[in-house]
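Reader: I should like to learn how to read the features of a structure. May we go through them one at a time?

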Amino acid sequence: MAVREILVYPDPRLREVAEPVAEVDDSIRALVEDMAETMYAAPGVGLAANQIGVLKRVFVIDIADEEEPSNLMVFINPEIVDTTGTQTYQEGCLSFPGGSEEIKRAERVRVRALDVNGKPFELEAEGLLAVAIQHENDHLNGVLMIDKLGPLKRRRLGQKIKKARETQADA
Ligand code: NI
């Protein structure tokens, strides 16, 4: 297992579309382990394979509170098959360090995916889990949270990320 480098906006690799996983084998399970370790180290509540430069349709989520036991959820070849309602949530992203914005998404989603054993499952999610699933699924299509914002907020988020990067470079 290894903590991988997380690509940061505006890295063009974040814009690439991930390919479906042909077979859930040991190499995919190793990827999932690295992704989980990278997400927990950051720390973050979700990570898509694109964010570590791997163009495969895989993401991991853990929305458990700090005081709760960890609850890793793995989605391979996910497909959002239904959405209902709307909600607004203050979202962050490991590829946008130092920035978060309110984003409007569906309140509930139904998602189909494969687990780490290649077994299909279907899940209905709402609230934060539904937000995380939509956010990570967007990554697989090269879509980023900044795309969901109007021009003003988009510029503000871009500036925040730039500032955070410069501060880091100075340190
Ligand atoms: Ni993200």
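**A guided reading**

Author: Let us begin with the backbone. Pro43 is located in the loop between α1 and β1 (46-48). Please bear in mind throughout that this is a predicted model.

Reader: Which form does the peptide bond from Ala42 to Pro43 take, cis or trans?

Author: As a general matter, most peptide bonds are trans. The bond from Ala42 to Pro43, however, is cis, and its omega is near -10°. Another cis peptide bond joins Tyr9 and Pro10, with omega about 5°. Pro10 belongs to the segment before α1 (26-41).

Reader: What is the phi of Asn77?

Author: The general idea is that most residues other than glycine have a negative phi. Asn77 has a positive value, near 50°. This residue is found in strand β3 (residues 73-84). With a relative accessible area of 24%, Asn77 is partly exposed. A positive phi also occurs at Gly142, which follows α2 and has a value near 75°.

Reader: How should the sheet be read, and what is the order of its strands?

Author: One reads a sheet by asking which strands pair and in which sense. Here an open sheet of five strands has the order β1-β2-β3-β6-β7, and the pairing is antiparallel. Its edge strands are β1 and β7, each of which pairs on one side only. On average, neighbouring strands of this sheet are turned by 35° against each other, direction ignored. For one of the pairings, seven bridges join strand β6 (residues 108-114) to β7 in the antiparallel sense. Within this pairing, Arg110 stands opposite Glu124 in β7.

Reader: Where do the helices lie with respect to the sheet?

Author: Helix α1 packs on the sheet and touches β1, β2 (58-61) and β3; its direction makes about 40° with that of β2. Helix α2 lies across β1, β2, β3, β6 and β7, and runs at about 155° to β2.

Reader: How many residues does α2 have, and how far does it reach?

Author: In general, an α-helix has 3.6 residues a turn, so residues three or four places apart point the same way. Helix α2 has 14 residues and reaches 21 Å from its first C-alpha to its last, close to the 20 Å expected at 1.5 Å a residue. As 13 of its 14 residues are buried, α2 is largely enclosed by the rest of the structure.

Reader: Which strand is joined to β4, and how do the two run?

Author: Strand β4 (residues 87-92) is joined to β5 by six bridges, and the two run antiparallel. Gln90 stands opposite Glu102 in β5.

Reader: Which side chains of strand β5 point to the buried face?

Author: The side chains alternate along β5 (residues 100-105). Glu101, Ile103 and Arg105 point to one face and are buried, whereas Ser100, Glu102 and Lys104 point to the other and are not.

Reader: Which residues coordinate the nickel ion?

Author: To read a metal site, one lists the donor atoms and then locates their residues in the chain. The nickel ion is coordinated by Cys93 through SG, and by His135 and His139 through NE2, at 2.1 to 2.2 Å. The spacing of these donor residues in sequence is C-x41-H-x3-H. Cys93 lies in the loop between β4 and β5 and His139 in helix α2 (residues 127-140), so this pair ties together parts that are 46 residues apart in sequence.

Reader: Are Cys93 and His139 buried or exposed?

Author: A residue counts as buried under 20% relative accessible area. Cys93 is therefore buried, at 10%, and His139 is buried as well, at 1%.

Reader: How many aromatic pairs are found in the whole structure?

Author: There are three aromatic pairs. In one of them, the ring centres of Tyr9 and Phe96 are 4.8 Å apart and the planes are at 25°, so the pair is stacked. Tyr9 lies in the segment before α1 and Phe96 in the loop between β4 and β5, so the pair ties together parts 87 residues apart in sequence. Phe96 is buried, with a relative accessible area of 1%. In another pair, the rings of Phe75 and Phe121 have centres 5.7 Å apart and planes at 55°, so the pair is tilted. Phe75 is buried, at 0% relative accessible area, whereas Phe121 is partly exposed, at 25%. Ring pairs also link Phe59, Phe75 and Phe121 into a cluster.

Notes. Residues are numbered from 1 along each chain as its sequence is written. This is a predicted model: local features need pLDDT of at least 70, side-chain atom pairs count only at pLDDT 80 or more; totals for chains, interfaces and linings use all residues. Side-chain values use heavy atoms; hydrogens and water are left out. Buried means under 20% relative accessible area, exposed over 50%, partly exposed in between (1.4 Å probe, protein chains only). Helices (H or I, at least four residues) and strands (E, at least two) are DSSP runs, numbered from the N terminus. Two strands pair if DSSP finds at least two bridges between them. Donors are N, O and S atoms within 2.8 Å of the metal (3.2 Å for Na, K and Ca); water is not among the atoms, so sites may look incomplete. The expected span of a helix is 1.5 Å times one less than its number of residues. Rings of Phe, Tyr and Trp (its six-membered ring) pair if their centres lie within 6.5 Å; planes under 30 degrees apart count as stacked, over 60 as edge-to-face and the rest as tilted. Axes are lines fitted to C-alpha atoms, for helices over the stretch in contact, and angles run from 0 to 180 degrees between N-to-C directions. Contact means heavy atoms within 4.5 Å.
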